[in-house]
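Let's take a walk through this one, going from charged pairs to a pocket. Have the chain open in your viewer and follow along.

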Amino acid sequence: KNEVLLDITHGFGSERFPQEACDVTVKNPVCDGSSGQTVYQLDAIQTREGKPLVVVGHPDPIESRVLTLEEIARMRAVVVPEQSPIGISTPIPADAKTNPKWPFAQRVE
């Protein structure tokens, strides 16, 4: 149910902030507005293959880095029982993947 929230949390981004720009992965790109363009997700910090898209906090990867795909898989494998004493849930709207206003600030008590 919370795949979109996990994608945002783990740094894969969503489809909420697409930006068309010059494809910087191509050697000597020619961007004339009609070709050589790609769509970047501005809320993504790594690809689904685990390649970092930005420097996170510190240029030394020993000091700061994105989560590895193995760490993300282990986190996603955690199952919280229905009768959990945690008792926290985040309602996931149907348009969560594309709604730039979600997740919004929520009061935590």
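Start with Arg16 and Asp43, which form a salt bridge whose closest N and O atoms sit 3.3 Å apart. The two come from distant parts of the chain: Arg16 belongs to the loop between α1 and β1, Asp43 to the loop between β2 and α2, and 27 residues separate them. Keep in mind that this is a predicted model. Is Arg16 buried or exposed? With a relative accessible area of 11%, Arg16 is buried, and Asp43, at 18%, counts as buried too.

That pair has company, since the whole structure holds five salt bridges. Another one joins Lys97 to Glu15, with 3.7 Å between the closest N and O atoms. Lys97 lies in the segment after α2 and Glu15 in the loop between α1 (3-9) and β1, so this bridge ties together parts that are 82 residues apart in sequence. Here both ends are partly exposed: Lys97 has a relative accessibility of 40%, and Glu15 has a relative accessible area of 44%.

Now for a local case. Glu70 bridges to Arg74, their closest N and O atoms being 3.5 Å apart. Both residues lie in helix α2, four residues apart, or about one turn of the helix. Glu70 counts as exposed at 55% relative accessibility, and Arg74 is exposed as well, at 56%. Then there's a network: Asp7, Arg48 and Arg76 are joined by salt bridges that share partners.

Go back to the loop between β2 and α2 (69-76), where you'll also find Gln46. At 1% relative accessibility, Gln46 counts as buried, because anything under 20% does. What does the side chain of Gln46 reach at 3.4 Å? That would be the backbone oxygen of Leu67. Setting aside neighbours within four places in sequence, the contacts of Gln46 include His10, Gly11 and Phe12, along with Lys51, Pro52 and Leu53, and also Val66, Leu67 and Ile72.

Last stop, the second largest pocket, with a volume of about 490 Å³. It is lined by 23 residues, and the closest to its centre are Tyr40, Gln41, Ala44, Thr47 and Leu53. Which strand gives the most to this lining? Strand β2 (residues 37-41) does, with four residues. By character, the lining divides into nine nonpolar, seven polar and seven charged residues.

Just before that strand, have a look at Ser35, in the loop between β1 (18-22) and β2. Ser35 is partly exposed, at 35% relative accessible area. From Ser35 to Ala21 is 14 residues in sequence and 10.0 Å in space, C-alpha to C-alpha.

Key:
Residues are numbered from 1 along each chain as its sequence is written. This is a predicted model: local features need pLDDT of at least 70, side-chain atom pairs count only at pLDDT 80 or more; totals for chains, interfaces and linings use all residues. Side-chain values use heavy atoms; hydrogens and water are left out. On a 1 Å grid over the protein atoms alone, a cavity is a set of points where a 1.4 Å probe fits but cannot get out, and a pocket is an open set with protein on both sides within 12 Å along at least five of seven lines; lining residues have an atom within 4 Å of a point. Grid points are joined across faces, edges and corners, and a volume is the space filled by probe spheres set on the points. Ala, Val, Leu, Ile, Met, Phe, Trp, Tyr, Cys and Pro count as nonpolar, Asp, Glu, Lys and Arg as charged, and the others, Gly among them, as polar. Buried means under 20% relative accessible area, exposed over 50%, partly exposed in between (1.4 Å probe, protein chains only). A polar contact is a pair of N or O atoms within 3.5 Å; within protein, one must be able to donate a hydrogen and the other to accept it, and residues adjacent in sequence count only if both atoms are side-chain atoms. Contact means heavy atoms within 4.5 Å. A salt bridge is a side-chain nitrogen of Lys or Arg within 4 Å of a carboxyl oxygen of Asp or Glu.
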